[in-house]
Each structure stands twice: as structure tokens, then as C-alpha cells.
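Colleague: Could you take me through one part of this model slowly, starting from a single helix and working outwards to whatever it rests against? I would like a connected account that I can follow with the structure open beside me.

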Amino acid sequence: MAKNKTSYLCNECGASAPSYLGRCPECQAWGSFQEQVSLVKPKTDTLRTRTLVGGGAETATPRIVRLADVALENAEVYSSGFPELDRVLGGGIMPGGYVLVGGDPGIGKSTLMLQMASHVGLQGKFVLYVAGEESPYQIKTRAERLAVATEAISILALTNIQQVLESIRQARPDLVIIDSIQSMYCADVSGTPGSVSQIKECAAILMEAAKSLNIPIFLIGHVTKEGTVSGPKLLEHTVDAVLYFEGDKYQNLRILRTVKNRFGSTQEIGVFEMAEQGLREIANPSELFLSQSMLGAAGNQPGSVVAATIEGSRPILVEIQALVGQSAYATPRRVGNGIEYNRLHQIVAVLERRLGLDFSRQDVYVNVVGGMRIDEPAADLAVAVAIISSARNLSVIGGTVVTGEIGLTGEIRPVRQCQNRLQEVARIGFERMLIPRMELPPTGIPQDLQILPVATLADAVKACFAPRGAGASGSRSPSGHHIDESTGEVWMDSLMEEVSP
């Protein structure tokens, strides 16, 4: 006879325990364990056959085949209607693909999926939109506001995963969108919709449907306050691709980033803008991020510098701003918006040790304009230059772009895909670019782009702030810059009084 087994699962990470725990030993979350009652079947049941999604039966022991004998099918990869989304997906929608789309509430996940469903439906595909959180009337209202082709989309308002699965098996759509996975529930599993046990079971059922029926399924997932997809980590391991929709919901910019993709490269991004009629693609994101910094003459304001970054395979120019001011607290603040917090601490420490600057009683704020988040260390040099520019109230020479990783000894380390960065800088129209000295200047760069190889932080400071043509030690420019050639430290006549350590 089958028996009931009681266990406790953590809602945050999915960890299991035989008894209730106040604090999860895996993720350290408090009060996250919930009781789960599951049905334990006799061992003899494992020898029985099980029913597949497509009908038919399969024995418990699968047939072993050689990898060389596996036949490759020519899967038709079709477009989602958004080239930016196709880039993130690795070329388009893959038949049998299982994709998870996460993001903050109100960021535009449902809007993107509804617009994608319209584009795919207009290609002659049968699109099924499973609405677990909204009624068909609400979806129709939003669809008319977005001006999408409502006749190309079929709506199924269900939350019971068994009924959804049966509808998919009978209708055999070309694309299925589940909005959202947290709203689905399985009647054979205890727990409320959105619990760890329900998400695990519903995700497993939908994965088997996607693979056995060769139907692409897109899941919309909620996120926690930490920004990760709500539910067990198993959900992200199960799917083929994990996409995160980023951006401030009170601003128009939206960034779709992939952190896992079995069909393409990771860390690719797609840039969108939220308009009245839905999401609009941004084909040239560099100009969007630099719209506030006067293209071709960036760096005229103290504390502002343009950095050349790489997101996936795409070079993007972004503006980095810094603000340094006297601290009113015993411990000065370090705030980084768009860059890693620990990376900012490291850059400030290198500036203090290698250039003799003192930030012990100054707050340092760094912001990446446009809501962009930069993870690669190639933006280190741009952050350092922006901090120095704000601390000394100096402006970077106009038309300058900076890229390079900073080592703890103050050296500028090489970066990847340097030639792609240079080509993007030349295309936008900038005149000067600082690159690590170990990077050989590639061929094919326009002659009007001046390449400045730098080996240390001192070299970078002299290249960014020294007037063109200045070479004498201790020389002054008409704007009041004073450069110490031995250390590269920049001084300003109005800021001669330094805060001693």
C-alpha cells in the first residue's frame, strides 16, 4: 500500500529536511520551510510502464543507442519577430526549446511575450497563450492597447497543469507561453501554487511536453526581492535558456539578458524601449546610452567618461559618471549603481595606494548612465578615470573613450575583443581611445581614430587629462591642469589644499 511521507522544503532554495527548521542551512533564510506531504509508492511500481505525454507507453529501461547512430533532424528555427530577442535566444525560437523569462513586476515580461506571440502568429504559426494570472478580457484589453494581431493568438485560461497538458497534446500548437509558472498547480502534489513542490512538478511536466512533442515553451517566472527567479534552483537547471528582463520600471529602457543558453552564448543582451504601444527595439544602443553626453565630445563635464564594454558579442559604449564629495559620516560611503560593489572598493583602494589619492573622508558614488549593468572588469579604468575627474574637478579630453582592467599593482591589463571595441568607437565618431599597452593595435581602424596604449594608471591619467602636446614635467595647461610626470597625479589650482592622510 502507498504511504504518505511528510517532509519540509525551503521556499527559497528547495532544500529538504525531515523536520521543521527555523533557518535554512543552505540559503540561511528564516521561516522559509513549509510542510509537504507526498505519496510514496511501493518499489514494484518502478518496474511498471508509464504513460508519455504523446500517448504511448515506455518501459522503465530505455533502449541504449550509440551516439554515432543518433539521427539529426533539421529543426526549423524561426524568428520571434524581434531581432534583439533572436540574438539573446541564440538565433531564434528552437523547436522543443524550454525558455524561462524572469523579471521584476511591471518590467514588461507579459508585454514582450504577447508581442512575440503576435509576430509568430502572423508567420502562420499556431500560438497558445496560457493565462494563469489574467482573464481573457484583461489580455484582450492589453493586446488592443499594444496593437497586436489578436486573431493570431489563442488564449487558454487555466491553472491546472494536467488540463493544460491535455490541451497542448490535443491542439499541438507551434508555440506555448505559460504566464506564469508560479500560477500553475498539479492536483497530485500537495502545496499551494507557487510553492517549491508545485513549481518542481509543473516544470517537470512542461519539460517533458516540450521535448516529447517538440514544441517550444516559454515560461514567465516571478523573481524574489534578491532579483532571482522565485522557486527552487532546479527550475533554472531544467530549462534550456534563462532570460532576465532588467531595468527600472519607472524609466523606458529595458535590457533582456541571458544567463544560461544551451543554444547560444551567454551574457548576450537585447535592448528595448518601453513605448505607448509596447516594447520597441533599440538597434544602436551605444547612441542611446550616450544621448546625454554629447556624442563626439564626451568628457566635457567633470566626473564623466565614456567606456567601451562588451556584452556577449556586442560592443556597447556607455557613459560612467562619478561624484566624490566630503563625507558627513565617520565611515565614508561607496555606492555603485550598475557596477559591482566590491569592484568599486578595489578600484578606490588601488587609486589610494598607487596614485597617492586620499578618499578616507570622501564619499564616492559611481553610476552607469541609462540603467546598464556592467559585469566585465574592462570598465575598471573608466571608473577610475571618472573618480579622479570628479575628485579634482577636471574634465576628460573631449572625444576620449577608455577601456582596460586595473590590476592591484596599478598596471592596465589587456581586455578581450579589443578590435570590436575600437571599431564601435570609430563608428560612433570618437577621436581618441585608451587601450592596454599589451594590446597590439589591430589593422583596419580609421586613421582619424587616435589609439593611446597605456601600461599603468599614471599613463592613463596623463593621457586623459594632460593637454595635447604637453610633455614637460610639471607643465601647466591654460585650463589650470598641473601634471606630475613621476606619479601621474593631477592637480588643479583651485584644489591645491589636499586632505592629508
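**A helix and its surroundings**

Modeller: In this predicted model, helix α11, which covers residues 457–465, is largely enclosed by the rest of the structure, because seven of its nine residues are buried. The buried residues of α11 are Leu457, Ala458, Ala460, Val461, Ala463, Cys464 and Phe465.

One neighbour to look at is helix α8, whose axis comes within 11 Å of that of α11, the two crossing at roughly 90°. An angle of that kind makes α8 roughly perpendicular to α11. On the α8 side the contact is made by Val350, Leu351 and Leu355, while α11 contributes Leu457, Ala458 and Val461. Sorted by character, the residues of this contact of α8 with α11 are six nonpolar, no polar and no charged. Leu457, Ala458 and Val461 of α11, which take part in the contact, are also listed among the buried residues of that helix.

From α8 the path leads on to a sheet. This is an open sheet of seven strands with mixed pairing, and its order is β17-β18-β16-β15-β19-β22-β23. Its edge strands, each pairing on one side only, are β17 (334–337) and β23 (450–454). From one strand to the next, the twist averages 25°. Helix α8, residues 341–355, packs on this sheet, where it touches β17 and β18 (362–368), and its direction makes about 125° with that of β17. Helix α8 therefore has contacts of two kinds to follow on the screen, since it touches strands β17 and β18 of the sheet and also meets α11 through Val350, Leu351 and Leu355, in a crossing that is roughly perpendicular.

A further helix, α9 (residues 380–391), lies across β15, β16 (314–326), β18, β19 and β23, and runs at about 35° to β16. Strand β18 is thus named both among the strands that α8 touches and among those that α9 lies across.

Within the sheet, the pairing of β15 with β19 can be followed residue by residue. Strand β15 (residues 304–311) and strand β19 (residues 400–402) run parallel and are joined by two bridges. If you select Val306, you will find that its bridge partner in β19 is Val401. Both of these strands, β15 and β19, are also among those that α9 lies across, which brings the account from the enclosed helix α11, by way of α8 packing on the sheet, to the paired strands β15 and β19.

Methods: Residues numbered from 1 in each chain as written. Predicted model: local features only at pLDDT ≥ 70, side-chain atom pairs only at ≥ 80, totals over all residues. Heavy atoms only, no water. Pairing = 2+ DSSP bridges. Helix = DSSP H or I, 4+ residues; strand = E, 2+ residues; numbered from the N terminus. Axes fitted to C-alpha atoms, helices over the stretch in contact; angles between N-to-C directions. Contact = heavy atoms within 4.5 Å. Buried < 20%, exposed > 50% of the residue type's maximum accessible area, 1.4 Å probe, protein only. Parallel < 35°, antiparallel > 145°, perpendicular 65-115°, else oblique. Nonpolar A, V, L, I, M, F, W, Y, C, P; charged D, E, K, R; others polar.
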